[in-house]
Amino acid sequence: MEKWFFINWQAIFIPRISVFELIIRGSLVYLALFSVLRLLPSRQLGTLGITDLLVVVLFAEAAQNAIASNYTSITEGAILVGTVIFWSYLLNWLGYKLPQLQRFLNPPPLLLVKNGRMIERHLQRELITDDELMSKLRQQGVEFLADVMAYMEADGRISIITSDFKTSAVREQKVALKSDLH
């Protein structure tokens with residue numbers, strides 16, 4: 001009965017592991033997982049699929065001991081969370097300040113369809129079949145590839161530019177030019 005009401009405050013708040021070691025562990029594991037995930041293709045086309053979820057869960061399980069070395073105090077957990085947040089913010093900030101780094105952090109859009117023709121090597125690189133691409137295009141109201149440009153964005157979504165859009169954009173620019181001249 002005495003154990004029910006006993007609280008070991010020292011175990012809750014005082015880290016058993018060096019704070020510096022926690023920061024190094026958290027940094028190394030975060031950067032390693034970030035690099036691995038960045039190099040994987042955007043296979044699911046903007047959705048969180050079963051395989052993506054499985055990768056995240058397995059990474060979390062595999063990284064748990066590497067990142068924390070079996071931590072037990074709240075302070076240790078807060079230090080690890082703070083380290084992950086720090087690296088996430090720092091990488092975003094560096095990507096904003098250094099455009100050449102932004103290219104690694106968030107890849108530029110990848111052209112999948114140009115003037116109605118699929119670019120097979122880009123589809124192969126992202127492991128996208130012709131049927132999968134056509135399915136995504138149909139979901140966005142495109143039935144035929146003629147006069148279509150399609151890009152895979154950094155988040156895996158597909159952006160489509162149709163000839164109708166290009167024609168109306170050119171028409172709007174001409175109207176704007178005429179009104180500027182008068």
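Student: In which helix does Ile74 lie?

Tutor: In this predicted model, Ile74 lies in helix α4, which spans residues 74-97.

Student: What makes Ile74 exposed rather than buried?

Tutor: Its relative accessible area is 51%. Exposed requires a value over 50%, so Ile74 is placed in that class.

Student: Which residues form a nonpolar patch on the surface with Ile74?

Tutor: The patch consists of Ile7, Trp9, Phe13, Ile14 and Ile74, and together they have about 530 Å² of accessible area.

Student: Why are Trp9 and Phe13 called a stacked aromatic pair?

Tutor: Three aromatic pairs are counted in the structure. For Trp9 and Phe13, the ring centres are 6.2 Å apart and the planes meet at 5°. Centres must lie within 6.5 Å, and planes under 30 degrees apart count as stacked; the pair therefore meets both conditions. The two residues are four apart in helix α1 (residues 9-13), about one helical turn.

Student: How do you know that Trp9 is exposed, and what is Phe13?

Tutor: Trp9 has a relative accessible area of 53%, and the cut-off for exposed is over 50%, so Trp9 is exposed. Phe13, at 42%, is partly exposed, because that class lies between the limits of 20% and 50%.

Student: What makes Tyr30 and Phe34 a stacked pair?

Tutor: Their ring centres are 6.4 Å apart and their planes are at 15°. The distance limit is 6.5 Å and the angle limit for stacking is 30 degrees, so the pair qualifies as stacked. Tyr30 and Phe34 are four residues apart in helix α2, about one helical turn.

Student: Why is Tyr30 called buried, whereas Phe34 is called partly exposed?

Tutor: Buried means under 20%. Tyr30 has a relative accessibility of 17% and is therefore buried. Phe34 has 22% and is partly exposed.

Student: Why is the contact of Arg25 with Glu21 called a salt bridge?

Tutor: The closest N and O atoms of Arg25 and Glu21 are 2.8 Å apart. The limit is 4 Å between a side-chain nitrogen of Lys or Arg and a carboxyl oxygen of Asp or Glu, so the pair satisfies the criterion. Both residues lie in helix α2 (residues 19-39), four residues apart, or about one turn. Arg25 is partly exposed at 24%, and Glu21 is partly exposed at 31%.

Student: How do you know that Arg125 and Glu126 also form a salt bridge?

Tutor: Their closest N and O atoms are 3.8 Å apart, which is within the 4 Å limit. Two salt bridges are found in the whole structure. Arg125 is exposed, with a relative accessible area of 52%, whereas Glu126 is buried at 9%.

Student: Why does His122 count as buried, and which residues does it touch?

Tutor: His122 has 14% relative accessibility, and buried means under 20%, so His122 is buried. His122 lies in helix α6 (residues 120-125). Residues up to four places away in sequence aside, His122 touches Leu110, Leu111 and Leu112.

Student: Which residues have the most contacts inside the largest nonpolar core?

Tutor: They are Leu112, Val113, Ile128, Leu133, Leu137, Ile158 and Ile160, in a core of 15 residues. At least two residues of this core come from each of β1 (110-114), α7 (130-139), β3 (148-152) and β4 (158-162).

Conventions:
Residues are numbered from 1 along each chain as its sequence is written. This is a predicted model: local features need pLDDT of at least 70, side-chain atom pairs count only at pLDDT 80 or more; totals for chains, interfaces and linings use all residues. Side-chain values use heavy atoms; hydrogens and water are left out. Buried means under 20% relative accessible area, exposed over 50%, partly exposed in between (1.4 Å probe, protein chains only). Contact means heavy atoms within 4.5 Å. Patches are made of residues with over 30% relative accessible area and no salt bridge: like charges are joined within 9 Å, nonpolar side chains (Val, Leu, Ile, Met, Phe, Trp, Tyr) within 5 Å. Accessible areas come from the Shrake-Rupley method with a 1.4 Å probe; for residues, only the protein chains shown count as cover. A nonpolar core is a set of buried Ala, Val, Leu, Ile, Met, Phe, Trp, Tyr and Cys residues joined through side-chain atoms within 4.5 Å. Rings of Phe, Tyr and Trp (its six-membered ring) pair if their centres lie within 6.5 Å; planes under 30 degrees apart count as stacked, over 60 as edge-to-face and the rest as tilted.
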